[in-house]
Protein chains: 4
Amino acid sequence: MQTNPDNHISACLLICCPDRPGIVAGVSAFLFQSGANILDASQHSTDPREGLFFMRMEFQVEAAQKHTLEKGFQEQVATPLQMEWQIRYSDQRKRMAIMVSAYDHCLMELLWRWKSGELQVDIPLVISNHPSLEKECTSLHIPFHYIPVTAATKEQQEAAAIRLLLEQQVDFIVLARYMQILSPNFVAQFPHRIINIHHSFLPAFAGARPYLNAYTRGVKLIGATAHYVTNELDEGPIIEQDVSRISHRHSVQDLVAIGRDTERLVLFRAVNAHINNRVIVHGNKTIVF
Amino acid sequence: MQTNPDNHISACLLICCPDRPGIVAGVSAFLFQSGANILDASQHSTDPREGLFFMRMEFQVEAAQKHTLEKGFQEQVATPLQMEWQIRYSDQRKRMAIMVSAYDHCLMELLWRWKSGELQVDIPLVISNHPSLEKECTSLHIPFHYIPVTAATKEQQEAAAIRLLLEQQVDFIVLARYMQILSPNFVAQFPHRIINIHHSFLPAFAGARPYLNAYTRGVKLIGATAHYVTNELDEGPIIEQDVSRISHRHSVQDLVAIGRDTERLVLFRAVNAHINNRVIVHGNKTIVF
Amino acid sequence: MQTNPDNHISACLLICCPDRPGIVAGVSAFLFQSGANILDASQHSTDPREGLFFMRMEFQVEAAQKHTLEKGFQEQVATPLQMEWQIRYSDQRKRMAIMVSAYDHCLMELLWRWKSGELQVDIPLVISNHPSLEKECTSLHIPFHYIPVTAATKEQQEAAAIRLLLEQQVDFIVLARYMQILSPNFVAQFPHRIINIHHSFLPAFAGARPYLNAYTRGVKLIGATAHYVTNELDEGPIIEQDVSRISHRHSVQDLVAIGRDTERLVLFRAVNAHINNRVIVHGNKTIVF
Amino acid sequence: MQTNPDNHISACLLICCPDRPGIVAGVSAFLFQSGANILDASQHSTDPREGLFFMRMEFQVEAAQKHTLEKGFQEQVATPLQMEWQIRYSDQRKRMAIMVSAYDHCLMELLWRWKSGELQVDIPLVISNHPSLEKECTSLHIPFHYIPVTAATKEQQEAAAIRLLLEQQVDFIVLARYMQILSPNFVAQFPHRIINIHHSFLPAFAGARPYLNAYTRGVKLIGATAHYVTNELDEGPIIEQDVSRISHRHSVQDLVAIGRDTERLVLFRAVNAHINNRVIVHGNKTIVF
């Protein structure tokens, strides 16, 4: 999404409603009458007869029109078609928090892409249970919060983290190899807004030590999975996965090194899709437009 | 595209027109008013300001409505929006001819997928300049025409082939490793309706002996390219490409064997996209929805 | 491995022994003194200090030398180094049986590659619990044995199958989507000599209905795994795996179709590695040279 | 390669000689008698009859033995077998210079992997014709030399660069998107010791603006190629290549962004192979063990 001159901005509409004839016509007619120009559209139906219909539309609209547009859309389109919807505008960058432990590769990948302009997002803070990556963040003027966690302090430290995240009004959180399991209370604060990178091809090797387990089983490919966090460990809706080829020549340490590259790329792709409003969660699955 | 009960069929609309606000609204409103239910849609604009707009829409419609629908679409939508368009229906299978020389792998791949129902197409004939693959075709009840070609007979033999192809009302032709260069006259009869598989990653190694040239250059990946045939050899619009990894251990013969698998898959994907009306040619490039 | 003129043949030596200095020197000196010329060699050690050493050596040797060579190797090399070993010669093609049910894609892939000379193997028989693929085999002059299996007849029918396989002196068996679970007794007859293709990326989705389970979980890649059969279902040593990308657009039926291509390729690669003596089983893992 | 206790180091031997029986036996017997323990070996022959034989052997040896070992190897093995050879030891890290212009992604990738210990190399200096990446280097305590180049100053500035590189005794140079063509004089100083990353799948789109040309041609995959620099632009021996999938949806700018990821990975793999003595140049091709 790019802002263009003469007070027009890009907007992205996501909708979900019961499938029935006339949805595309209804939405596109409304946008046309509102002076919006559709740039891109993708749609998906779980079943044209009794299923759910999902759509993502990118369009250009006058910045001043936002409020009128949304009000009209609710009345004329969303209510009649029983639609859940949201619109995001290109002049409102999302606010992304990163939580990380001691491994730096996923954090560095996100920061590097953010610095180069590839990730169109604001990063108001990084939270870590280790102090070691502070300089990597502060040298880019990103506030770094060291919040160590022990079994005894977990509840109060999570509360401190939540307080910071809410103060900073973050839109979503990326767990860039954050090695603590978040409590149900934490997860409930950010439903489908916490993205985790797990270092295996889920559902294979969920839980601890996936590279060791992959080595022991003798698989010929190792993978990484980016998913939204739910209260079932490593069971949330999958956004993106990829794999790399390995062989008997590779030690567990080699798997860790090879896997780092897959983790970095998979997490970046998932985060970028989320930032660009390309992901819709449906049940325990994702639609990635 | 699947036919469904109660006299409804699936239809696929492809359009191309100057981009401007209101196209999606216009098309979808017309289809809604005609009782059609949109199943899937993809669109692409070369530039929202002065570019071209392309769209593919799949919808269900009553079989009896075909003629009325097309007439109405031309008048109410296509003419006002300066649109080029076509509709294909699921009850009209495309007719595909295959031309082949002595290598059998691409032919066998297409026949196997056709036999298994994966390629939704009719195959009224196979033409070959070698007699060797006759049994492979006739055992599946596909007529096989042996039309040998020499420099002296090329013109008359091409004329014979064209006659057969027109008699059989073929929609498009697949060159499944057909080792003759078609004349401009032949190509002109089937514009953007001849699909060739070239055994390299074009534009690298155009022309003869691509595997030998790839071996000599010492590349680390070899590829295959499916493209529409034009009068510039190996220069037509590319539909699909893929590659396989090779190393110094592989001889030219190994490249030929490895490359066969890539050729089979790339050609299948291109042919399947063409059959499902997913390919639009624009200039010397393709949009593959 | 290729036979060459003047009575020389290719041979392939596989060894496994405790790692210690001098193994390569011992083996290569013996082969040199026996007039053999090493063509290729690969080695692997689980640990140079107390681990196991594995090696594959391809060499040329006079056909008449076979017996002398093996006797000398045992005495001068294998016994002193506590080696397990085997030699296979290029003039002894392996004998491969195929067991299949009703899906034809894996069978057809193997037969097509065998017919084209890519799989250097003899196929003395195909066994199926369905009658439907008989013609595909007999048209290539491969005997087809229809051995239906029910819960009641399983024991006696397996016995019949084993009798046939032993009569035909098969070296190994490929389960090309054979939808029956072999009994421990059957498996025990052919240790590490039965190759199965499972239609998932193991250990994910072991057991029945992997494509349905992959669809339900919402993974973004689906895979296939070729492995040796053991008495633990889908738990045997993995030979080869690969994956294909899918999205929310794909139905279970689409996964089945996309997965077929991965299954074909993965099974072929595993079978070809086995034929060329490139696979060594170690514990529940494989070394694939 | 890892150093291990008790004064043993790892060593890597690369050889090239006319193929004939007895080479492996000769080399391995010599190493065994010298007290070396072979850890890994790879070999390749262009033709067992009159071809060239290449081998890479990794072994452990007492550090104090280096000189004796090399002297003995020359006399007892290399001279009789007409061998070219070199040995590198794990206690002598290679010295790598990086030359870069304004794009930072390849430089950052190499520095990040070096910092994390993945690239076992020393980086005594970075040379750039732009001042912009100085801080990225100096913050890691790597000296940064700004050597701007114009048509008028090219000769003297290249001389200055060569002086620095020789002073620092660099083993090889990586052009991490260095946008100047090196003169034949420069290249001659470092034969097969300058690695360049070209942002296309060579030989396609050699020369300037490969992403624009790929976009214009309408290819469906874009690639990157790491190769040794020779005096023929983009024609040197290829070390590594890879590709990424693109579609009609991607602008030239998108290709640049997608391509960056491929460039980073391909360059890293090539540099790592070079560092680990895995690359042998033969004619205009490479053997990558």
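**Reading the fold of chain A and its contact with chain B**

User: What radius of gyration does chain A have, and why does that agree with a compact globule?

Analyst: The radius of gyration, taken over C-alpha atoms, is set against a globule rule of 2.2 Å times the number of residues to the power 0.38. With 289 residues a compact globule would have a value near 19 Å, and chain A has 21 Å, which agrees. The C-alpha atoms fill a box of roughly 60 × 40 × 35 Å along the principal axes. This is a predicted model, in which local features need pLDDT of at least 70 and side-chain atom pairs count only at pLDDT 80 or more, whereas totals for chains, interfaces and linings use all residues. Residues are numbered from 1 along each chain as its sequence is written.

User: What percentage of the residues of chain A count as buried?

Analyst: Buried means under 20% relative accessible area, exposed over 50% and partly exposed in between, with a 1.4 Å probe and protein chains only. By that criterion, 57% of the 289 residues of chain A are buried.

User: How many residues of chain A are in contact with chain B, and how much area do the two chains bury?

Analyst: Contact means heavy atoms within 4.5 Å, and on that basis 21 residues of chain A touch 21 residues of chain B. Buried area is the accessible area (1.4 Å probe) that two parts lose on being put together, summed over both. Here chains A and B bury about 1600 Å² between them, with 53% of it on carbon and sulfur atoms. Within chain A, the residues that lose the most area to chain B are A:N37, A:Q43 and A:R49, together 27% of what that side buries.

How values were computed
Chains are lettered from A and ligands numbered from 1 in the order in which they are written. Side-chain values use heavy atoms; hydrogens and water are left out.
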